[in-house]
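Colleague: I have not looked at this structure before, and I would like to learn how to read its features one at a time. Could we go through it together?

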Amino acid sequence: MIRRHETRLALWLLTPALAFVIVLGAFPVCSQFVLSLTDLNLKFPAEQGFVGLSNFARLLGDDAFWRDLGQTFTFTVVSVSLELLLGLAIALILNNVIRGRTAMNSSILMPWVLPTVVAATMWSLLLNDRIGLVNSVLGRIGLTDAPIVWLGPRLAMTSVILADVWKTTPFVAIILLAGLKSIPRQYYEAAEIDGAGRWATFRAITLPLLKPFIAVAVLFRAMDAFRIFDLIWVLTGGASRTETLSIYIYRVLFRYSDLGYGSAMTVALFAIIFLMSLGLIRFMRLSSEPR
Amino acid sequence: MRRLRHGRILLWLARALVVAACLVPLYWILNVSLSTSQALYKTPLDYFPRPPTLENFRAVFRVNQFPRNVLNSFVVASLTTLLTLVLGSPAAYALARLRVRRKNVILATFLGLAIFPAIGMIGPLYIAMARLALINRYPALVLPYTLLSLPLAIWILTQFFSTLPGSLEDAALVDGCTPVQAFVRVILPLSAPGLATSAVLIFIFAWNEFLFALIMTSTPESRTVPVALALFAGLHELPWATIAAATVVSVLPVLALVALFQRRIVEGLTSGVER
């Protein structure tokens with residue numbers, strides 16, 4: 001009796017959120033799948049129709065798609081790896097801070113809470129080849145003779161990755177800090193009694209117990225990095241071989257008004273992210289099983 | 001003993017380096033915003049505003065519709081936070097503490113939504129908003145933002161509700177509350193910290209969002225701060241010093257939130273992974 005009452009109450013409480021998500025969310029998601037099978041173009045609304053999988057066939061032969069997929073992949077792999085390494089280092093450095101913890105946590109949170117557009121604007125000023133702080137400092141300490149064109153063709157991807165690493169490493173560091181705090185102190189005491197060195201302790205205790213936290217951080221970051229849009233849009237506009245899939249989709253959808261093809265690319269991007277997440281989860285699970 | 005001492009000094013140096021890496025770029029923007037436009041073109045550069053001036057901030061508030069953009073951002077972020085919590089907290093309560101049929105299907109729905117590329121939702125949502133004549137108006141941003149922040153809010157709140165002791169509702173029911181009253185009068189007040197955590201994260205997300213704001217607004221007076229800022233910089237219609245001042249104005253609210261709720265934000269970010 002009570003049980004039935006409880007499920008009914010639960011249903012009532014869940015209905016508003018579910019209804020909202022289904023009306024507003026399921027509609028765009030499903031319409032992407034439907035639109036991806038049509039050649040709907042807002043510039044030529046008369047000539048629309050069902051074209052089967054031909055958008056996906058076009059995708060396979062689209063050099064720009066493959067180029068941008070490669071660039072998105074490079075961006076994701078390099079920036080997430082750097083963020084993981086730096087985030088781990090920062091978490092280890094900041095672990096067990098007692099005095100000044102609030103100040104330190106606040107300062108490392110700052111880059112992460114900044115609007116991405118602000119971070120990008122800030123970095124385009126810092127990296128400006130004529131008036132940027134970076135070139136000024138490099139010149140003053142005598143490391144460079146001529147100003148470096150950070151956002152030019154050769155270094156644009158490096159600069160974009162640098163800005164992303166600055167902005168999102170704090171997220172990784174905070175997740176890993178929580179991980180370090182969850183490791184019982186007794187494990188370290190036991191290791192010390194056994195005479196284990198620092199490196200051995202790190203490899204035998206810290207790293208294995210941190211693995212689930214590393215998995216979550218990498219998964220979240222990889223999914224976000226693969227969809228990156230605003231940072232690159234503001235820094236380079238996608239020029240100098242920094243265009244990612246999201247920017248290409250934006251171009252197709254909103255410059256060329258090619259809804260059919262743009263939707264097909266969205267579906268492809270979703271599929272890639274979905275498979276990538278599954279792969280990452282599987283990999284993490286396999287590597288955390290005892291050998 | 002001496003080695004230990006050296007180790008400690010090195011550790012504090014490393015900590016200082018981390019803090020500096022985070023704060024120096026921010027300092028630079030503040031410096032430029034307080035300097036004259038000409039100061040930026042000096043070689044070598046001044047690393048302090050000499051002389052400091054507030055002219056750039058005055059210029060920002062004269063230019064375009066920037067005060068209006070700030071107001072828009074506040075309204076949109078606040079309404080999003082409110083709507084997300086109103087929809088999300090009952091749902092999270094049900095998921096955390098009540099028997100729900102097909103719980104996994106419901107969770108999977110929210111999760112799938114969280115990984116779908118936002119860029120793909122914009123087109124259909126744009127068409128829907130255009131049909132409803134909502135483009136350039138607050139709902140065109142509040143509704144999609146609520147959609148995007150619901151999964152995170154439900155996730156955090158579910159974690160939070162499940163940490164409360166299980167006997168709370170029973171006690172309330174014995175005292176003659178209805179189940180709904182038990183949720184509203186007993187559980188919600190006790191969950192203030194969890195609600196605050198989610199509210200801060202939702203507000204920051206909505207304040208910072210760019211892609212939807214770029215597409216759902218087309219007039220200067222309907223833009224939010226990030227879009228206004230990106231268009232300032234993109235069009236090069238303003239000197240860098242003015243752009244820097246606009247940047248400083250646009251980050252003040254989020255920096256204030258960090259200063260006030262630093263611990264809550266960390267809690268929210270890590271609530272899903274702890275255990």
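Colleague: Let me begin with one helix: which residues in H5(B) are buried?

Modeller: Please keep in mind throughout that this is a predicted model. In H5(B), the buried residues are B:Ile119, B:Gly120, B:Met121, B:Ile122, B:Gly123, B:Pro124, B:Leu125 and B:Met129. A residue is called buried if 20 or more other C-beta atoms lie within 10 Å of its own.

Colleague: How much confidence does the predictor attach to the model, and what is the mean pLDDT of chain B?

Modeller: For chain B the mean pLDDT is 86, with 95% of its residues at 70 or more. The model as a whole has an ipTM of 0.86 and a pTM of 0.88.

Colleague: Returning to the helix, what span should helix H5 of chain B have, and how far apart are its end C-alpha atoms?

Modeller: The idea is to count 1.5 Å a residue, so the 14 residues of helix H5, residues 118–131 of chain B, should span 20 Å, and the end C-alpha atoms are indeed 20 Å apart, which agrees. There is nevertheless a kink of about 30° in H5(B), and its centre is B:Pro124, a residue that also appears among the buried ones. Just after H5(B), the backbone at B:Ala133 takes a positive phi of about 55°.

Colleague: Where is the kink in H12(B) centred?

Modeller: In H12(B) the kink is centred on B:Phe261 and amounts to about 90°. The span of this helix tells a related story, since H12(B) has 31 residues and a straight helix would reach 45 Å at 1.5 Å a residue, whereas the end C-alpha atoms are only 37 Å apart.

Colleague: Is H12(B) largely enclosed or largely open?

Modeller: Of the 31 residues of H12(B), 22 are buried, so this helix is largely enclosed by the rest of the structure.

Colleague: How should I read the place where the two chains meet, and how many residues of chain B are in contact with chain A?

Modeller: One can count the residues on each side: 72 residues of chain B are in contact with 74 residues of chain A. On the side of chain B that touches chain A, helix H12, residues 240–270, gives the most, with 15 residues. Sorted by class, that side of chain B has 59 nonpolar, 9 polar and 4 charged residues.

Colleague: Which residues of chain A is B:Arg15 in contact with?

Modeller: Setting aside neighbours within four places in sequence, B:Arg15 is in contact with A:Ile93, A:Leu94, A:Val97 and A:Met104. B:Arg15 belongs to helix H1 of chain B, residues 2–33, and it counts as partly exposed because it has 16 C-beta neighbours inside 10 Å.

Colleague: Turning to the interior, which residues have the most contacts inside the largest nonpolar core?

Modeller: A general tendency helps here: in soluble globular proteins, nonpolar side chains tend to be buried together. In this model the largest nonpolar core has 162 residues, and A:Leu176 and A:Met265 have the most contacts inside it. Leaving aside neighbours within four places in sequence, A:Met265 touches A:Leu59, A:Phe65, A:Leu245, A:Tyr248, A:Ile249 and A:Val252.

Colleague: What about A:Val267, is that residue buried or exposed?

Modeller: A:Val267, which lies in helix H12 of chain A, residues 259–288, is buried, with 22 other C-beta atoms within 10 Å. Beyond neighbours within four places in sequence, A:Val267 is in contact with A:Gln32, A:Phe33 and A:Ser36.

Colleague: Is A:Ala57 buried or exposed, for comparison?

Modeller: A:Ala57, placed in helix H2 of chain A, residues 54–60, counts as exposed because it has 12 C-beta neighbours inside 10 Å.

Colleague: Finally, where is A:Ser240 placed?

Modeller: A:Ser240 is in the loop between helix H10 (230–235) and helix H11 (245–255) of chain A, and its phi is near 55°, a positive value in a residue other than glycine. A:Arg241 is also in the loop between H10 and H11 of chain A, and it too has a positive phi of about 55° although it is not a glycine. With 18 C-beta neighbours inside 10 Å, A:Ser240 counts as partly exposed, and A:Arg241, with 15, counts as partly exposed as well.

Conventions
Residues numbered from 1 in each chain as written. Chains lettered and ligands numbered in written order. Predicted model: local features only at pLDDT ≥ 70, side-chain atom pairs only at ≥ 80, totals over all residues. Helix = DSSP H or I, 4+ residues; strand = E, 2+ residues; numbered from the N terminus. Expected span 1.5 Å × (residues − 1). Bend = angle between axes of the 7 residues up to and from the residue. Core = buried A, V, L, I, M, F, W, Y, C linked by C-beta atoms within 7 Å. Contact = placed C-beta atoms within 7 Å. Nonpolar A, V, L, I, M, F, W, Y, C, P; charged D, E, K, R; others polar. pLDDT = per-residue confidence, 0-100.
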